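Got your viewer open? Let's take a walk through this protein together, one selection at a time.

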Amino acid sequence: MAPTKQAPTRQAITLKGSTNLVTEFFKYAANTILFQRGVYPADDFHMVKKYGQTVLVTQDLALENYLDKILKQVNQWLLTGSVTQLVLAIISKDSRLPLERWVFDINLVEQPAEGSQPAPAKPEAEIQAEIRAILKQIVSTVTFLPVIDEPTVFNILAYTAESVDIPANEWVDTDPLAIEASKSQQVKLRSFSTDVHRIEAMVAYRYEG
């Protein structure tokens, strides 16, 4: 009898594909935020076609390497279901006060009970349309977010399970960079989902009004 090999399950294939899709979304979302909020000069970005639209991506090699390194680890955590939230915090360079927190909650989509009919796969075109809508919404936030007229830096925070392996010297426990409740306004952004993950987005910003 010829040797047989067990076919990979739909779930295993979907998990990897979904993880790569979500990781790629974070890359373009981070670039869009950093450009729109002026954290890096506009000249540092160039246009690429993605999700059926034009998006801006950094040409700054140090920033590109930094984001790639972070996203490589996030990809691993997504595969094991170990990360529940990513935050891109924009901070005043001089006062170190957090000015904005772009929050992305990562949830697992509930799977059908064992033995029941699996849900039909979500078309990639539909996922891409949802991602396109979030990126457009990030661009449009400049119409209501306070103008940032001071030098800023940013930090990326990952909220993970306590048992997760943290690469030494790459990630450290840190301040959540929260904005005081009395000075914080929040706006819920759109969400998107794959067959495995659902990403909920929001932005909190400092409002001294």
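By class, how many nonpolar, polar and charged residues does the lining of the largest cavity have? Keep that in mind while we look, and remember that this is a predicted model.

**Stop 1: the largest cavity**

Select Phe 26, Lys 27, Ala 30, Leu 67, Ile 70, Leu 71, Val 74, Leu 86, Val 87, Leu 88, Phe 104 and Ile 156, and you have the lining of the largest cavity on screen. The space inside has a volume of about 130 Å³. Now colour helix 1, helix 2 and strand 3 (83–92): these are the elements that give two or more residues to this lining. Helix 2 gives the most, with 4 residues. Back to the question: the lining has 11 nonpolar residues, no polar ones and 1 charged.

**Stop 2: the second largest cavity**

A search of the whole structure finds 2 cavities of 30 Å³ or more, so let's visit the other one. Select Lys 27, Asn 31, Val 57, Glu 64, Leu 67 and Asp 68, which line the second largest cavity. About 40 Å³ of space lies in there. Helix 1 and helix 2 each supply at least two residues of the lining, and the largest share, 3 residues, comes from helix 2. By class, you'll find 2 nonpolar, 1 polar and 3 charged residues around this second largest cavity. Keep Lys 27 and Leu 67 highlighted for a moment: they line the largest cavity, and they line the second largest cavity too.

**Stop 3: a pair of rings**

Hide everything but Phe 26 and Phe 104. How do these two rings sit relative to each other? Their centres are 5.7 Å apart and their planes are at 75°, so the pair is edge-to-face. Bring back the ribbon: Phe 26 is in helix 1 and Phe 104 is in strand 4 (residues 98–108), so the pair ties together parts that are 78 residues apart in sequence. Both Phe 26 and Phe 104 are buried.

Add Phe 25 and Phe 192 to your selection, and you can see a cluster: ring pairs link Phe 25, Phe 26, Phe 104 and Phe 192. The structure holds 9 aromatic pairs, so there are others to find.

**Stop 4: another pair**

Next, pick Phe 35 and Phe 45. Here the ring centres are 5.3 Å apart and the planes are at 70°, so this pair is edge-to-face. It links distant parts of the chain, with Phe 35 in helix 1 and Phe 45 in strand 1 (residues 45–50), 10 residues apart. Are the two partners buried or exposed? Phe 35 counts as partly exposed, at 23% relative accessibility, whereas Phe 45 is buried, with a relative accessible area of 6%.

**Stop 5: the nonpolar core**

Show side chains for Phe 25, Phe 26, Leu 88, Trp 102, Phe 104, Leu 135 and Phe 192. These are the residues with the most contacts inside the largest nonpolar core, which has 44 residues. Helix 1 (residues 10–36) gives the most to this core, with 9 residues. Apart from it lies another core, of 8 residues, among them Val 87, Val 103, Leu 177 and Met 202.

Zoom in on Trp 102. What is it in contact with, leaving aside neighbours within four places in sequence? The partners are Ile 33, Arg 37, Leu 86, Val 87, Leu 88, Ile 90, Ile 138, Thr 141, Leu 145, Leu 189, Met 202 and Val 203.

**Stop 6: the pockets**

Time to look at the pockets. Select Ala 158, Trp 171, Val 172, Asp 173 and Thr 174: of the 18 residues lining the largest pocket, these lie nearest its centre. The pocket's volume is about 490 Å³. Helix 2 (61–79) and strand 5 (152–160) are the elements that give two or more residues to its lining, and strand 5 gives the most, with 6 residues. By class, the lining has 11 nonpolar, 3 polar and 4 charged residues.

For the last selection, take Arg 37, Leu 99, Glu 100, Pro 146, Val 147, Ile 148, Asp 149, Glu 150, Arg 206, Tyr 207 and Glu 208. They line the second largest pocket, which has a volume of about 180 Å³. This lining divides into 5 nonpolar, no polar and 6 charged residues. You've already met Arg 37, as one of the contacts of Trp 102.

Terms used:
Residues are numbered from 1 along each chain as its sequence is written. This is a predicted model: local features need pLDDT of at least 70, side-chain atom pairs count only at pLDDT 80 or more; totals for chains, interfaces and linings use all residues. Side-chain values use heavy atoms; hydrogens and water are left out. On a 1 Å grid over the protein atoms alone, a cavity is a set of points where a 1.4 Å probe fits but cannot get out, and a pocket is an open set with protein on both sides within 12 Å along at least five of seven lines; lining residues have an atom within 4 Å of a point. Grid points are joined across faces, edges and corners, and a volume is the space filled by probe spheres set on the points. Ala, Val, Leu, Ile, Met, Phe, Trp, Tyr, Cys and Pro count as nonpolar, Asp, Glu, Lys and Arg as charged, and the others, Gly among them, as polar. A nonpolar core is a set of buried Ala, Val, Leu, Ile, Met, Phe, Trp, Tyr and Cys residues joined through side-chain atoms within 4.5 Å. Buried means under 20% relative accessible area, exposed over 50%, partly exposed in between (1.4 Å probe, protein chains only). Contact means heavy atoms within 4.5 Å. Rings of Phe, Tyr and Trp (its six-membered ring) pair if their centres lie within 6.5 Å; planes under 30 degrees apart count as stacked, over 60 as edge-to-face and the rest as tilted.
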